[in-house]
Amino acid sequence: MITDYRVDDKYIVSMTEHTEEYKPLRIILIGYMGAGKTTVGRALSKELNIPFYDLDWYIESRMRKTVKQIFDERGEEGFRMIEQSMLHEVAEFENVIISCGGGTPCFFDNMEYMNGQAETVYLKAETDVLYKHLLMGKSVRPLLLNKTADEVNLFIREQIKHREPFYTKAKHVLDVSLMDSYDKIQISVNQLCQLLKLNNCLLYTSPSPRDVEE
Ligand code: S3P
């Protein structure tokens, strides 16, 4: 059983109870659209100094098409097949952080596959937080595109019920709030480091009274 990770200069080793063995670190962030997977993933990648891949961006650069274009041309079914095959590419990379699309865990055996490859973390946000965030970013999300604000609200609530059983298969769960400031992002990053026992991760701390006096 893995008890800890040590982030070394060149590689990341997992510390097991009895031995120290090389095991690449892969962190996969899952959760509903608007939960902050990309924001947290990018910030954590800076903290640990390892690459970050957003699965949607990876798909777009490999296919040379936007997610919306793929939905338009191949429908959701076509998109899900491409998504699965691209997931299998990025999840082979070593020492990386990956954020996947909100639907990725809910198709095929993607969730089981991700659990076999990585430390999976479900970023769990309140529906109101998702709603606030998604109203701003609905134009790039084909599933929300032609919906009114009320329809988006209803859609999120209905879809979460269906998706939650897939999300909760993740190895870890992290409660997150609206990522609307640097401090909030950093707090989630620190909590994530603690959850994953990334002991060399630089922890963000507010200055102690002593530091302030000096
Ligand atoms: C989807 C989420 C999107 C993107 C696609 C479908 C979903 O990713 O993969 O629009 O089914 O929830 P984000 O969760 O990054 O928005």
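The following paragraphs describe the surroundings of the ligand and then several individual residues of the chain.

The structure is a predicted model, in which local features require pLDDT of at least 70 and side-chain atom pairs are counted only at pLDDT 80 or more, whereas totals for chains, interfaces and linings use all residues. Residues are numbered from 1 along each chain as its sequence is written, and side-chain values rest on heavy atoms, with hydrogens and water left out.

The ligand is surrounded by 13 residues, the closest of which are Lys37, Asp56, Arg80, Arg141 and Arg163; a residue is taken to be near a molecule if one of its heavy atoms lies within 4 Å of it. By class, the shell around the ligand divides into 5 nonpolar, 3 polar and 5 charged residues, where Ala, Val, Leu, Ile, Met, Phe, Trp, Tyr, Cys and Pro count as nonpolar, Asp, Glu, Lys and Arg as charged, and the others, Gly among them, as polar. Helix α3, which spans residues 67-90, gives the most to this shell, with 3 residues; helices (H or I, at least four residues) and strands (E, at least two) are DSSP runs numbered from the N terminus.

Oxygen atoms of the ligand are approached by both side-chain and backbone atoms of the protein. A polar side-chain atom of Lys37 lies 2.7 Å from a ligand oxygen atom, and a polar side-chain atom of Arg141 is likewise placed 2.7 Å from an oxygen atom of the ligand. For Gly103, a backbone N or O atom lies 3.2 Å from an oxygen atom of the ligand. Of the 380 Å² of accessible area that the ligand has on its own, the protein covers 95%, with accessible areas computed by the Shrake-Rupley method with a 1.4 Å probe and, for residues, only the protein chains shown counted as cover. The space taken by the ligand is the largest pocket, a pocket being, on a 1 Å grid over the protein atoms alone, an open set of points with protein on both sides within 12 Å along at least five of seven lines.

Two residues other than glycine have a positive phi. Arg64, with a phi of about 55°, is placed in the loop between α2 (55-63) and α3, and Arg64 counts as exposed because its relative accessibility is 74%, the classes being buried for under 20% relative accessible area, exposed for over 50% and partly exposed in between (1.4 Å probe, protein chains only). Lys197, whose phi is near 55°, lies in the loop between α7 (182-195) and α8 (209-213), and Lys197 counts as partly exposed because its relative accessibility is 43%.

Three further residues were considered together with a partner distant in sequence. Ile28, in strand β4 (residues 26-30), is buried, since its relative accessible area is 0%; the C-alpha atoms of Ile28 and Asp54, 26 residues apart along the chain, are separated by 9.7 Å. Met179, in the loop between β8 (172-176) and α7, counts as buried because its relative accessibility is 13%, and its C-alpha atom is 7.7 Å from that of Thr39, 140 residues apart along the chain. Glu92, found in the loop between α3 and β6 (96-99), counts as partly exposed because its relative accessibility is 46%, and a separation of 8.9 Å is computed between the C-alpha atoms of Glu92 and Arg26, 66 residues apart along the chain.

Note on methods. A polar contact is a pair of N or O atoms within 3.5 Å; within protein, one must be able to donate a hydrogen and the other to accept it, and residues adjacent in sequence count only if both atoms are side-chain atoms. On a 1 Å grid over the protein atoms alone, a cavity is a set of points where a 1.4 Å probe fits but cannot get out, and a pocket is an open set with protein on both sides within 12 Å along at least five of seven lines; lining residues have an atom within 4 Å of a point. A molecule sits in a cavity or pocket if more than half of its atoms lie within 2 Å of its grid points.
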